[in-house]
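Biologist: Could you take one part of this model and walk me through it closely? I would like a connected account that starts from that part and works outwards.

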Amino acid sequence: MSENIHHDDHGHDDHHVNYTKIYLTLLVLFVISVLGPELGIRWVTLITAFGIAIVKARLVVNNFMHLAWEKRIVKWVLATSLILMFLMVAGVAPDVMNHEGNNWENVAAKAEVERGLAYMAGYGGEEEEEGEAEVVVAAGFNAEVSFGQICATCHGAGGAGDGVAGAALDPPPASFTDPAFWETRDRERIKTVIRDGAAAVGGSALMAPWGALYTEEQLDQVTDYVMSFNPGNE
Amino acid sequence: MAHARPIATTRSATGIPTPRLAVWWILASEVVIFGGLLGAYLMHRLGHPEWAEAASHTQTWIGALNTFVLLTSSFTAVLAHQAAEKGNGKQAAKFLGFTIIGALLFLVIKSYEWTTEILAGYTITANNFWSFYYTAAGLHALHVIAGAIIMGFVAVDAFRGRELHRVEIIGIYWHFVDVVWIFLFPLLYIAK
């Protein structure tokens with residue numbers, strides 16, 4: 001675009017772009033951006049898909065939208081927008097892209113990655129019906145492991161309400177090993193609280209709903225596991 | 001008051017015609033809207049290796065076909081602008097008509113694509129990948145619909161030789177919609 005710079009102050013109507021040539025260039029770049037990634041080489045994909053997207057966008061913005069001949073203030077307005085956008089993305093990137101830090105852990109994101117990878121391992125990326133996929137995930141599901149990853153954070157690995165993250169909570173997390181706890185609980189209530197949170201039965205909102213994480217079958221297994229802490233059952 | 005003409009369309013501190021400055025401001029806000037959405041998508045995509053499985057089900061050749069349609073409609077939009085600059089309203093209206101046809105073709109192809117995907121069980125609630133997929137492509141499709149409708153009004157005026165400067169304004173907007181798709185295409189269809 002460098003040869004066009006001297007047009008800058010000549011108003012808007014005296015530039016001569018060969019639109020057909022730009023269009024044909026765009027088509028050639030488009031074909032490359034589709035064929036390049038077919039090779040399956042990672043860096044070729046990055047360059048042909050995303051590198052060429054930037055080149056195509058520049059061609060359109062400069063020649064079709066005539067930004068190359070536009071007054072400088074327009075470029076500043078757009079640049080400000082772009083910078084603010086990148087600033088926002090950069091600001092939240094550490095939280096979104098990492099799933100754990102010094103003293104925090106994104107349990108839900110980790111669980112989602114784990115479930116997704118288990119699904120991929122089960123099917124090797126083959127196309128399958130949704131329903132069957134859930135069965136496979138359920139088969140690879142272990143209520144004790146899930147309790148250890150999610151519930152134990154507050155309720156403790158042994159269910160005694162002594163998890164690290166629970167120490168500061170008010171009211172404190174329930175202890176499943178306390179016989180008094182079980183005097184007012186039945187299986188249905190435990191399952192409801194796991195699925196919908198304790199607030200759903202008038203309890204503390206600190207016990208979050210976890211229903212989105214489990215299938216119905218997995219929910220039953222986790223409920224059974226929590227029930228197994230009841231000292232009265234022994 | 002002898003002159004009823006509104007001042008806003010005649011005064012310009014920047015030296016840029018007010019309507020054109022206005023459309024650039026709109027696009028500046030669009031940059032943040034689409035940029036934020038695509039940025040969020042990209043961050044989640046990089047943090048979630050399991051999305052690759054979901055992404056492998058998008059239909060590359062349909063996305064490619066739509067890329068071709070939008071690129072071509074951008075070309076006809078800029079030809080409309082060229083005709084309008086020469087004062088040829090009828091010619092400009094004709095090219096805008098081609099662009100509208102391109103927009104409709106894009107939407108027909110997209111409807112077919114989404115229908116096959118939804119019937120296969122890949123709905124907006126299937127998982128986070130599909131949520132982003134339908135949100136991003138859907139927001140873009142709404143821009144295509146809005147652009148096509150406005151272009152219809154501009155084309156009718158242009159055909160009668162009126163308000164020819166609007167041909168350039170709607171064109172700038174339309175090219176932006178094309179640019180957004182240029183980035184959506186590799187993000188949703190190519191990177192697998």
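Modeller: Happy to! The cover over the buried residues of α2(A) comes from both chains: it includes α1 of chain A together with α3 (60–85) and α6 (165–190) of chain B. Do keep in mind that this is a predicted model. The buried residues in α2(A) are T45(A), T48(A), A49(A), I52(A), A53(A), K56(A), V60(A), V61(A), N63(A) and F64(A). One of them, I52(A), is also where α2(A) bends, by about 25 degrees. What does that leave of the end-to-end length? The 23 residues of α2(A) should span 33 Å at 1.5 Å a residue, and the end C-alpha atoms are 31 Å apart, so the two values agree.

Just past this helix there is a backbone detail to look at. α2(A) is followed by H66(A), with a positive phi near 60 degrees. H66(A) has this positive value although it is not a glycine. The residue sits in the loop between α2 and α3 of chain A. Is H66(A) buried or exposed? There are 21 C-beta neighbours inside 10 Å of H66(A), and the cut-off for a buried residue is 20 or more, so H66(A) counts as buried.

Beyond that loop comes α3(A), with 26 residues. From its first C-alpha to its last, α3(A) reaches 36 Å, close to the 38 Å expected at 1.5 Å a residue. This helix has a kink of its own: about 30 degrees at G91(A), shortly before the proline P94(A). V74(A) is also found in helix α3 of chain A. With 21 other C-beta atoms within 10 Å, V74(A) is buried. Leaving aside residues up to four places away in sequence, V74(A) touches L67(A), I16(B) and W24(B), so its list of partners takes in chain B as well as chain A.

That brings us to the contact between the chains. How many residues take part on each side? In chain A there are 43 residues in contact with 41 residues of chain B. On the chain A side, the elements giving two or more residues are α1 (19–35), α2 (42–64), α3 (72–97) and α4 (107–123). Of these, α3(A) gives the most, with 13 residues. Sorted by class, the chain A side has 31 nonpolar, six polar and six charged residues.

Now for the partner chain. Chain B has six helices and zero strands, in the order α-α-α-α-α-α along the sequence. Of its 192 residues, 43% count as buried. Among the contacts in chain B with a separation of 6 or more, 79% are between residues 24 or more positions apart.

One helix that helps to cover α2(A), namely α6 of chain B, also packs within its own chain. The axes of helix α1 (residues 18–47) of chain B and α6(B) come within 10 Å and cross at roughly 10 degrees. Angles under 35 degrees count as roughly parallel, and α1(B) and α6(B) are therefore roughly parallel to each other. On the α1(B) side, the contact residues include V23(B), L27(B), F34(B) and L38(B), while those of α6(B) include I169(B), I172(B), F176(B) and F183(B). By class, the residues of this contact divide into 14 nonpolar, one polar and three charged.

The loop between α5 (128–159) and α6 of chain B holds E163(B). Phi of E163(B) is near 50 degrees, a positive value in a residue other than glycine. E163(B) has 16 other C-beta atoms within 10 Å and is partly exposed.

Back in chain A, there is another helix pair to compare by eye. Helix α6 (residues 143–155) and helix α9 (residues 216–227) of chain A pack at an angle of about 75 degrees, with their axes 9 Å apart. That makes α6(A) roughly perpendicular to α9(A). A143(A), E144(A), S146(A) and F147(A) of α6(A) make the contact with Q221(A), V222(A), D224(A) and Y225(A) of α9(A). By class, this contact has four nonpolar, two polar and two charged residues.

One more backbone detail is worth a check on your screen. D170(A) and P171(A) are joined by a cis peptide bond, with omega about 0 degrees. P171(A) lies in the loop between α6 and α7 (179–183) of chain A.

Notes. Residues are numbered from 1 along each chain as its sequence is written. Chains are lettered from A and ligands numbered from 1 in the order in which they are written. This is a predicted model: local features need pLDDT of at least 70, side-chain atom pairs count only at pLDDT 80 or more; totals for chains, interfaces and linings use all residues. Two residues are in contact if their C-beta atoms, placed from the backbone, lie within 7 Å. Helices (H or I, at least four residues) and strands (E, at least two) are DSSP runs, numbered from the N terminus. Ala, Val, Leu, Ile, Met, Phe, Trp, Tyr, Cys and Pro count as nonpolar, Asp, Glu, Lys and Arg as charged, and the others, Gly among them, as polar. The expected span of a helix is 1.5 Å times one less than its number of residues. The bend at a residue is the angle between axes fitted to the seven residues ending there and the seven starting there. A residue is buried if 20 or more other C-beta atoms lie within 10 Å of its own, exposed if 12 or fewer, and partly exposed in between; C-beta atoms are placed from the backbone. Axes are lines fitted to C-alpha atoms, for helices over the stretch in contact, and angles run from 0 to 180 degrees between N-to-C directions. Angles under 35 degrees count as roughly parallel, over 145 as roughly antiparallel, 65 to 115 as roughly perpendicular and the rest as oblique.
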